[in-house]
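This briefing introduces a single protein chain to a reader who has not met it before. Please look over the sequence and the structure first, then read the points below.

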Amino acid sequence: MQVSSLNEVKIYSLSCGKSLPEWLSDRKKRALQKKDVDVRRRIELIQDFEMPTVCTTIKVSKDGQYILATGTYKPRVRCYDTYQLSLKFERCLDSEVVTFETLSDDYSKIVFLHNDRYIEFHSQSGFYYKTRIPKFGRDFSYHYPSCDLYFVGASSEVYRLNLEQGRYLNPLQTDAAENNVCDINSVHGLFATGTIEGRVECWDPRTRGRVGVLDCALSSVTADSEINSLPTISALKFNGALTMAVGTSTGQVLLYDLRSDKPLLVKDHQYGLPIKSVHFQDSLDLILSADSRIIKMWNKNSGKIFTSLEPEHDLNDVCLYPSSGMLLTANEAPKMGIYYIPVLGPAPRWCSFLDNLTEELEENPESTVYDDYKFVTKKDLENLGLTHLIGSPFLRAYMHGFFMDIRLYHKVKLMLNPFAYEEYRKDKIRQKIEETRAQRVQLKKLPKVNKELALKLIEEEEEKQKSTWKKKVKSLPNILTDDRFKVMFENPDFQVDEESEEFRLLNPLVSKISEKRKEKLRLLEQQELHGKEEEEEPEGKPSDAESSESSDDEKDWVAEVRKQRRLLQQEEKVKRQEQLREDQQTVLKPQFYEIKAGEEFRSFKDSATKQKLMNKTLEDRLKLEAKNGTLSVSDTTVGSKQLTFTLKKSEQQKKQQEAEKLHRQERKAVRRSAGHLRSRPRRGRPFH
């Protein structure tokens, strides 16, 4: 909840803060409230109080229970139940809504005016009827005694639709080319329409005749106002039987007494924007006028500003909740604004807890920063030569210093130092240069570990910067400045071993490239020894030469790989010969062995060979197994090793296999003998 104060009037923004999506579970919402301060402090007065894209109009039903709003996209109307603090229903429409009106106390009878000349009627169950007017409509009003709807728009006629008879009546013919807004006085039924020529025409619905014309365009022009075009009427509102407020397209609000053709008061918004809406606040005799940028509240008798409200997004419509201090706004944003001003009145009955909340906040006030004042200490006053103003109205004592008007402070500072702007300009230029230097890669600061790798990354970063200057390429983060990889340049365990077999096979051209970097490293070490503070970039070859060298290196890649492989094989051969000489020079000494419990002693030879194998390294054991035929070693194309093991058969497995073999032979012999007996005839019985 955001709190602002102007003229000691506090305004609480209840729609400020982050909105959580509907599909989040309660557990995730609680977790977000613990982590995020903005989510924890937000107040969601009405659930899902927003539109998909933009909200155009917002109104409150006459009984105060329902809030209806229209918006896009897609065109829709949403109804919120204040007793349930949630969405009541949502209905999508065929076209965008210009304005709408509730004919009943609740949402059971609604009339929508669309931007495609259609008038749509909705009942409690949904869509009811649709009809069309001859010209594009801009506003309409409902006359309760006669059940007539008055439509004004891009025409000189005011169309009348009688809801009792269900037919159009004869229109009212005005003197204007077009009409923008209209309103009906709830006390005596006077109908007024604002024209594009800057006039207000008043009609009596009983006689269907014009009773008066007010020329507001001429009255809105004052000595202080600057007008570039003819003012048109953009807002119109009655209050009581005799008061009427008129808003113009040039940002003026005129307050009239119907008994006079001269305005009682002319209030200028000073923005030159059309007035969107005008509302009366009777308890404090205030008028709330709003354009697309600001909402101003001022006294209708004196015109003195009471307070003002400037939302973050442009305004489309403003609605004052009846008999309360709550203000609802339709903005050029998905969120609809909810503001609570305790001075205007109490909180509505459905959110009475706001009064207790604001009282608690007023008990613990927070310090406020004033933009129109400058805080200065006594030492600052001495430097400015303004110590004689202490105790005067120009300085207001506060804590260990004083508040003074910012305009006075700038004037005195300019008189003391006329060349302050030149110094300020030089400081700004110096700051810009320092920022660009900080963004550049500093070659003199290399890490202790993996210096050549860091230098390689720096060169790649320089090439990327050159490419971004020529083309707009999205820059990627630098590994040297990333905290996730800083251990790679600090811990010696991550040092790249360039003499290893894998590194030499995977990087066959590293010898040629590393020579250039080693030269740069030597230059950088010399710079660090001499203690140079400024960055000196070593001269290199042009980009064309480097590209030609890289292409030649790619052609010789296969030859380099073969050369490295031959060198590795020669090194392995030398190592094997040295190891053989060491084995021949070693003298075997008698050793004693202890048989562990559960082991069977077979021979000294087996135990000795086993112990000897255990003492040897993995490389020697693999070589011995390769000689015995139980292991095969083969090299792959990328330089890694591929091992294949053949398990030896134990004596017990051999005995078992021999027994199985003998058993199979015996069974074969038995089968052969049985077959021979079947084939021989029985003795004593001749064949018939």
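Helices (H or I, at least four residues) and strands (E, at least two) are DSSP runs, numbered from the N terminus. On that basis, the chain has 15 helices and 34 strands. The model is a predicted one.

**The chain as a whole**
- Of the 688 residues in the chain, 35% are buried.
- About 46300 Å² of the chain is exposed, and 50% of this comes from carbon and sulfur atoms.
- Taking contacts between residues at least 6 apart in sequence, 45% join residues at least 24 apart.

**Confidence**
- The chain has a mean pLDDT of 79, with 74% of its residues at 70 or more.
- Strand β8 (residues 110-114) has the highest mean pLDDT among the elements, 95, and helix α11 (residues 543-555) has the lowest, 50.
- Residues 532-549 stay under 50 in pLDDT, and the model gives this stretch 17 contacts beyond four places in sequence.
- Residues 684-688 also stay under 50, with 1 contact beyond four places in sequence.

**An open sheet**
- Five strands form an open sheet in the order β1-β2-β29-β28-β27, and their pairing is antiparallel.
- β1 (2-6) and β27 (315-320) each have a single partner strand, so each edge strand has one side without a neighbour in the sheet.
- On average, neighbouring strands of this sheet are turned by 25 degrees against each other, direction ignored.
- β27 and β28 (residues 326-331) run antiparallel and are joined by 5 bridges.
- In this pair of strands, D317 is placed opposite A330 of β28.

**Salt bridges**
- Side chains of opposite charge can pair when their charged atoms come close.
- The whole structure contains 11 salt bridges.
- One of them joins the side chains of D94 and K130, at 2.8 Å from N to O.
- D94 sits in the loop between β6 (86-92) and β7 (97-102) and K130 in strand β10 (residues 127-132), so this pair ties together parts that are 36 residues apart in sequence.
- D94 is exposed at 63% relative accessibility, while K130 is partly exposed at 27%.
- R206 and D204 form a salt bridge with their closest N and O atoms 3.2 Å apart; R206 is exposed at 69% relative accessibility, and D204 is buried at 14%.
- R259 and D257 form another, with 2.9 Å between the closest N and O atoms; R259 is exposed at 65%, and D257 is buried at 16%.
- R76, R78 and E90 are joined into one network by salt bridges that share partners.

Definitions and conventions:
Residues numbered from 1 in each chain as written. Predicted model: local features only at pLDDT ≥ 70, side-chain atom pairs only at ≥ 80, totals over all residues. Heavy atoms only, no water. Pairing = 2+ DSSP bridges. Axes fitted to C-alpha atoms, helices over the stretch in contact; angles between N-to-C directions. Buried < 20%, exposed > 50% of the residue type's maximum accessible area, 1.4 Å probe, protein only. Contact = heavy atoms within 4.5 Å. Areas by Shrake-Rupley, 256 points an atom, 1.4 Å probe, with all protein chains shown as cover. pLDDT = per-residue confidence, 0-100. Salt bridge = Lys/Arg side-chain N within 4 Å of Asp/Glu carboxyl O.
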